[in-house]
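Me: Got a minute to go through this one with me? I'd like to start with the strands and then jump around a bit.

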Amino acid sequence: MTDYKLLTKKMKSLLSKDDNIISNLSNASALINMHMENINWVGFYILNNDCLELGPFQGKIACTKLSLDKGVCAKAVRNDDTIIVDNVHNFIGHIACDSDSNSEIVVVLHKDNRIYGVLDIDSPLLSRFSLVDKIGLEEVVCAIENTLNI
């Protein structure tokens, strides 16, 4: 089980408002990848006009652009809320960037009170993510957002 208090503390000490956004998101994805078990992809998609574009990540190659009309990340953006999907194969409109992924959590990231992008985490396990993960990752994202809002 992930110690989200420790992860959030490390995230706050790792990231700096003096570093550029890409550097911070790169280190954030690496730190999350180091601390979470049973995941096969963690990274960021950045909102750019009408699509989400691939940002820093850890894992296999990924889709580079995601439209806002389908997929888990797009639904999170449209709802401006965290989404947990226990089985991505049952999610209508799921975009399969990696056939090994079976469950997913997406947390919305804000900059200057607007949606900036999403933190996306995939797992090869079904039902990998829980309410504990949701709450913990929302705290982690809050720490990341504090470095974006300069």
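Reply: Sure. One term up front: two strands count as paired if DSSP finds at least two bridges between them. Keep in mind that this is a predicted model. With that, the bridge partner of I105 in β6 is I121.

Me: Ok, and how many bridges do β5 and β6 have, and in which sense do they pair?

Reply: There are 9 bridges between β5 and β6, and the pairing is antiparallel.

Me: What does β6 have on its other side, β1? Which sense, and how many bridges?

Reply: β1 and β6 run antiparallel, joined by 6 bridges. Two of the pairs: V42 has I121 as its bridge partner in β6, and W41 has D122. I121 is also the β6 partner of I105.

Me: What's the strand order in the whole sheet?

Reply: Going across, β3-β2-β1-β6-β5-β4: an open sheet of 6 strands with antiparallel pairing. β3 (65-67) and β4 (83-85) are the edge strands, each pairing on one side only. On average, neighbouring strands here are turned by 25° against each other, ignoring direction.

Me: Which strands does helix α3 touch?

Reply: α3, residues 72-79, packs on the sheet and touches β1, β2 (51-59), β3, β4, β5 and β6. The direction of α3 makes about 40° with that of β5.

Me: Back to β6. How many of its residues are buried?

Reply: 8 of the 10, so β6 is largely enclosed by the rest of the structure. Buried here means under 20% relative accessible area.

Me: Switching to backbone angles. Which residue in the β5 and β6 hairpin takes a positive phi?

Reply: D112, with phi near 55°. That hairpin has 2 residues between the strands, and D112 sits in the loop between β5 (103-111) and β6 (114-123).

Me: Why point that out?

Reply: Because most residues other than glycine have a negative phi. D112 is not a glycine, yet its phi is positive.

Me: What about N38, what's its phi?

Reply: About 60°, so positive, and N38 is not a glycine either. N38 is in the loop between α2 (21-35) and β1 (41-48).

Me: And why does N38 count as partly exposed?

Reply: Because its relative accessibility is 43%, and partly exposed covers the range between the 20% and 50% cut-offs. D112 also counts as partly exposed, at 40%.

Me: New topic: how many salt bridges are in there?

Reply: The structure holds 5. One of them involves D112 again: its side chain meets that of K111, 3.1 Å from N to O. K111 counts as partly exposed because its relative accessibility is 23%.

Me: Which salt bridge links distant parts of the chain?

Reply: E53 with K65, at 4.0 Å from N to O. E53 is in strand β2 and K65 in strand β3, 12 residues apart, and the pair links distant parts of the chain.

Me: Are those two buried or exposed?

Reply: K65 is exposed, with a relative accessible area of 57%. E53 counts as partly exposed at 24%.

Me: Which residue does K134 form a salt bridge with?

Reply: E138, and the closest N and O atoms are 2.9 Å apart. Both K134 and E138 lie in helix α4 (residues 131-148), 4 residues apart, about one turn of the helix.

Me: How accessible are they?

Reply: K134 has 21% relative accessibility and counts as partly exposed. E138 has 27% and also counts as partly exposed.

Technical notes
Residues are numbered from 1 along each chain as its sequence is written. This is a predicted model: local features need pLDDT of at least 70, side-chain atom pairs count only at pLDDT 80 or more; totals for chains, interfaces and linings use all residues. Side-chain values use heavy atoms; hydrogens and water are left out. Buried means under 20% relative accessible area, exposed over 50%, partly exposed in between (1.4 Å probe, protein chains only). Axes are lines fitted to C-alpha atoms, for helices over the stretch in contact, and angles run from 0 to 180 degrees between N-to-C directions. Contact means heavy atoms within 4.5 Å.
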